Amino acid sequence: MTYDPSNIFAKILAGDIPAHKVFEDDSALVMMDIFPQSRGHTLVIPKAASRNLLDADPAVLSAVMPLVQRVARAAKAATGADGVRVAQFNEAPAGQTVFHLHFHVIPVFDGVALGTHGGGQADNAELATLAQAIAAAL
Ligand code: AMP
């Protein structure tokens with residue numbers, strides 16, 4: 001499988017589609033998932049083009065994991081979550097819907113079931129507030 005540069009995250013990385021950005025540097029973008037599985041569901045997206053984990057450059061993976069850790073800590077702190085799930089899907093049968101490598105950081109709250117993957121769209125104002133709060137905790 002090859003990388004398709006017309007995927008929606010490539011368009012967000014290019015600035016063609018808006019996003020609730022939490023953090024950005026030369027190598028990665030962190031943004032809110034607009035169909036969140038929980039309050040504070042965040043995506044960490046390396047900028048380097050790869051479809052998923054299977055074709056990614058190991059150097060990109062090494063560089064991004066400390067950022068995944070920072071975002072997991074920040075999302076937990078900013079939302080008051082009790083735990084954090086980190087998820088990553090490879091190819092459609094495994095649940096991947098956007099074919100540019102990304103890591104899900106999903107705050108988990110005691111007694112609150114996670115929403116379905118790719119469920120309802122979140123309120124824009126709430127996403128903007130969460131993006132600010134997680135950015136402040138980074
Ligand atoms: P995956 O199924 O692992 O490929 O995850 C793709 C994720 O991207 C899903 O959780 C979607 O809710 C999320 N998503 C899709 N389009 C957008 C978008 N425009 N902005 C933010 N998140 C998105």
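## The loop residue S38

Leaving aside its neighbours within four places in sequence, S38 is in contact with I106, P107, F109 and L114. This residue belongs to the loop between β2 and β3, and the structure described here is a predicted model. Because the cut-off for a buried residue is under 20% relative accessible area, S38, at 11% relative accessibility, counts as buried.

## The sheet and its strands

The model contains an open sheet of five strands, arranged in the order β1-β2-β3-β5-β4 and paired in antiparallel fashion. The edges of this sheet are formed by β1 (21-24) and β4 (83-87), each of which has a single partner strand, so one side of each is left without a neighbour in the sheet. From one strand to the next, the twist averages 15°.

At one edge, β1 and β2 run antiparallel and are joined by three bridges, with F23 standing opposite V30 in β2. The connection between β1 and β2 is a hairpin that passes through three residues. Three bridges also join strand β3 (residues 42-46) to β5, and this pair is likewise described as antiparallel. Within the pairing of β3 and β5, L43 has H104 of β5 as its bridge partner, while V44 stands opposite F103 in β5.

On the side of β4, five bridges join that strand to β5, again with the two running antiparallel. Here A87 has H104 in β5 as its bridge partner, and H104 is also the bridge partner of L43. As for its exposure, β5 is mostly covered, since five of its six residues are buried.

## Helix packing

Against the sheet packs α2, which touches β1, β2, β3, β4 and β5 and whose direction makes about 20° with that of β5. A second packing partner of this helix is α3: the two helices meet at an angle of about 120°, and their axes are 8 Å apart. Angles of 65 to 115 degrees count as roughly perpendicular and those over 145 as roughly antiparallel, and α2 and α3 are therefore oblique to each other.

The crossing of α2 and α3 is right-handed. Where the two helices meet, A74, A75, A78 and T79 are the residues from α2, and L130, A133, I134 and A137 are those from α3.

## The nonpolar cores

In soluble globular proteins, nonpolar side chains tend to be buried together. In this model the largest nonpolar core has 22 residues, and those with the most contacts inside it are M32, V44, F103 and V105. At least two residues of this core are supplied by each of β2 (28-32), α2 (58-79), β5 (103-108) and α3 (124-137). The largest share, eight residues, comes from α2. Apart from this core lies another, of seven residues, which include F9, I12, I45 and V98.

Among the residues with the most contacts inside the largest core is M32. Not counting residues up to four places away in sequence, M32 touches H20, V22, G40, H41, T42, L127, L130, A131 and I134. Two of these, L130 and I134, are also named on the α3 side of the packing between α2 and α3.

## Two further buried positions

N7 lies in the segment before α1 (8-13), and at 9% relative accessibility it counts as buried. When residues up to four places away in sequence are not counted, N7 touches V98, F99 and H100, and V98 is also one of the residues of the seven-residue core. The C-alpha atoms of N7 and S38, which are 31 residues apart along the chain, are separated by 24 Å.

E91 is found in the loop between β4 and β5 and, at 15% relative accessibility, counts as buried. The backbone of E91 has a phi near 80°, a positive value in a residue other than glycine.

Terms used
Residues numbered from 1 in each chain as written. Predicted model: local features only at pLDDT ≥ 70, side-chain atom pairs only at ≥ 80, totals over all residues. Heavy atoms only, no water. Core = buried A, V, L, I, M, F, W, Y, C linked by side-chain atoms within 4.5 Å. Buried < 20%, exposed > 50% of the residue type's maximum accessible area, 1.4 Å probe, protein only. Helix = DSSP H or I, 4+ residues; strand = E, 2+ residues; numbered from the N terminus. Contact = heavy atoms within 4.5 Å. Pairing = 2+ DSSP bridges. Axes fitted to C-alpha atoms, helices over the stretch in contact; angles between N-to-C directions. Parallel < 35°, antiparallel > 145°, perpendicular 65-115°, else oblique. Left-handed = near helix turned anticlockwise from the far one by under 90°.
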